[in-house]
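Me: Hello! Could you take a close look at the buried interior of this one for me? I'd like one connected account, with the residues named.

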Amino acid sequence: MSAIAEGGDASIEVIKVLFTLHPGMDALDFVGPLEVLTWAQHDMKDPATKAFQCTFAAAQEHTTTNQGCTFKAHIDFKEAQKRLKEFDVMIVPGGGTDGVLKTKSEPLQIIKAFADLQTRDPNRERTLMSVCTGSLFLGHMGILAGLSATTHPDYYTKFEIVCSEAAKRDLAERTDVLEERYVVNNLRFDLGENMDENPYIRRRSDGRRPSNARKGSNAWRESNTRRESNARRLALRLGGLRVITAGGITSGIDAALYLVGAMVSDDSAQEVARKLQHTWNKGVVVDGLDV
C-alpha cells in the first residue's frame, strides 16, 4: 500500500517511486524527473501534501554518473527486489548502457521483475518509465514487444536493433519506434472533459473514446479499487503496466510532468513546470483505454 502524505490526511496517498541507478548513467536522466516529482503536491497550497516519495536503488552504496558526480543509494537491488510490491512507479535513467547490456547486470533484472509483478498482480496500477537510452534496457528485456517507444535520437537505429533482437529471441511482436518527446503505452484514463480540449497529444490511432473525465489522484486511487478497472487492466498488455519511454535526456522532465498530470492533476503538473521555469513539451499516448 502507498504511504499517507505528511499531515495524516488519509484521503491523500503518496505515490511510491523507485529509481534505479547504475554506473555511467546520465545525471540529468535521474535528477530531472526527481526534481519534478519532488515538487509535485496534491494541494498546490499545502507543502504537506507531497504526492511522491522517491527511493534510490543501486548495486553499490555510491553510483558515479557519466558526468563524474556521485549519488548515494537508499537501498541495494537485493532489498529493492524484496520490497518491489511497495512501489507504484519505477524510473530507469539512461547513459552507460553498453556496459550493463554487455554484462547483463542490474538494473536489467529488477526492471523485468517489476514488469512481471504487474502481470502476476494486475489489481494495482503500476508505471515503468525509462529516460533516454534507459529504453534499451526495457527493449532488451522484451518489455516493449508490441508497444510503441522512443529513445535518444542518436540511438534510434541501435534501439530498433535491440528491440528486433529481443522480438526474435522471444518470438514476440516488434516494437514501433517513434521519434517523439515521450511515448506512453497502456493509458488507463483520459484527462479532460472533452477529448478535443485535452491538454495532451493523445494517441496515434484514429479511434478515440469519450472520456469519463476522471483524472489525477482520484482516478489513480479508484483504478486500484474498482473491480471493473482491474478486470479491464488484466486484458491489457503486461497486465496493464503503464510503460513510458522518454527521448533524449531533458525529455525525462517532460515525461515526469506527464506522470504528475496523470497521477496527481494537470494543475499540479503545470505548477511544477512553472516553478522549474520549464516549457512542457508534450509527447504521445498510444492505445489508450479508459477503465
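Reply: Happy to. Let me begin with a single histidine: setting aside residues up to four places away in sequence, His152 touches Cys132, Thr133, Gly247, Gly248 and Ile249. Please keep in mind throughout that this is a predicted model. His152 sits in the loop between β8 (148-149) and α6 (156-170). With a relative accessible area of 18%, His152 falls under the 20% limit and therefore counts as buried. Its side chain also reaches the backbone nitrogen of Asp154, at 3.0 Å.

From there, let's go to the sheet. Eight strands make up an open sheet, with the order β5-β2-β1-β6-β7-β11-β10-β12 and mixed pairing. At the edges stand β5 (75-76) and β12 (284-286); each has a single partner strand, so one side of each is left without a neighbour in the sheet. As background, strands of a sheet pair through backbone hydrogen bonds, either parallel or antiparallel.

Now follow the sheet through a few of its strands. β1 and β2 run parallel and are paired over 6 bridges, and Val17 has Cys54 as its bridge partner in β2. β1 is also joined to β6, again in parallel, by 3 bridges; here Phe19 has Ile91 as its bridge partner in β6. One step further along, β6 pairs in the parallel sense with β7 (residues 127-130) over 4 bridges, and the partner of Val92 in β7 is Ser130. β6 is covered on both faces: Val89 and Ile91 are buried on one side, Met90 and Val92 on the other.

What lies against the sheet brings us to the core. The largest nonpolar core holds 42 residues, and Phe19 and Phe52 touch the most other members. Two or more residues of this core come from each of β1 (15-20), α1, β2 (52-58), β6 (89-92), β10 (182-185), β11 (242-246), α9 (251-263) and α10 (266-275). The biggest contributor is α9, which gives 9 residues. There is also a second, separate core of 34 residues, and Ala57, Ile111, Leu144 and Tyr156 are among its members. This is in keeping with a general pattern: in soluble globular proteins, nonpolar side chains tend to be buried together.

Phe19 deserves a longer look. Phe19 is buried, with a relative accessible area of 0%. Apart from neighbours within four places in sequence, Phe19 is in contact with Phe30, Pro33, Leu34, Leu37, Cys54, Thr55, Phe56, Ala57 and Ile91. Among those contacts, Phe30, Pro33, Leu34 and Leu37 are buried residues of α1. The other buried residues of that helix are Ala27, Asp29, Gly32 and Val36. As for the helix itself, α1 (residues 27-39) has 13 residues, which at 1.5 Å a residue should span 18 Å, and its end C-alpha atoms are indeed 18 Å apart.

The aromatic rings add another layer. The model has 5 aromatic pairs. One of them is Phe19 with Phe30, an edge-to-face pair at 5.2 Å centre to centre, with 80° between the planes. Phe19 belongs to strand β1 and Phe30 to helix α1, so this pair ties together parts 11 residues apart in sequence. Phe30 is buried too, with a relative accessible area of 1%. Phe30 forms a second edge-to-face pair, with Phe56, at 4.9 Å centre to centre and 90° between the planes. Because Phe56 lies in strand β2, that pair ties helix α1 to a part 26 residues away in sequence. Phe56 is buried as well, at 14% relative accessible area. Ring pairs join Phe19, Phe30, Phe56 and Phe71 into a cluster.

One last stop follows on from the helix: Gln41, in the loop between α1 and β2. Gln41 is buried, with a relative accessible area of 8%. The side chain of Gln41 reaches the backbone oxygen of Met44, at 3.3 Å. Beyond its neighbours within four places in sequence, Gln41 is in contact with Asp46, Pro47, Thr49, Lys50, Ala51, Val264, Ser268 and Lys275.

Conventions: Residues numbered from 1 in each chain as written. Predicted model: local features only at pLDDT ≥ 70, side-chain atom pairs only at ≥ 80, totals over all residues. Heavy atoms only, no water. Expected span 1.5 Å × (residues − 1). Buried < 20%, exposed > 50% of the residue type's maximum accessible area, 1.4 Å probe, protein only. Polar contact = N/O pair within 3.5 Å; in protein donor to acceptor, adjacent residues only side chain to side chain. Contact = heavy atoms within 4.5 Å. Core = buried A, V, L, I, M, F, W, Y, C linked by side-chain atoms within 4.5 Å. Pairing = 2+ DSSP bridges. Phe/Tyr/Trp six-rings, centres within 6.5 Å; stacked < 30°, edge-to-face > 60°.
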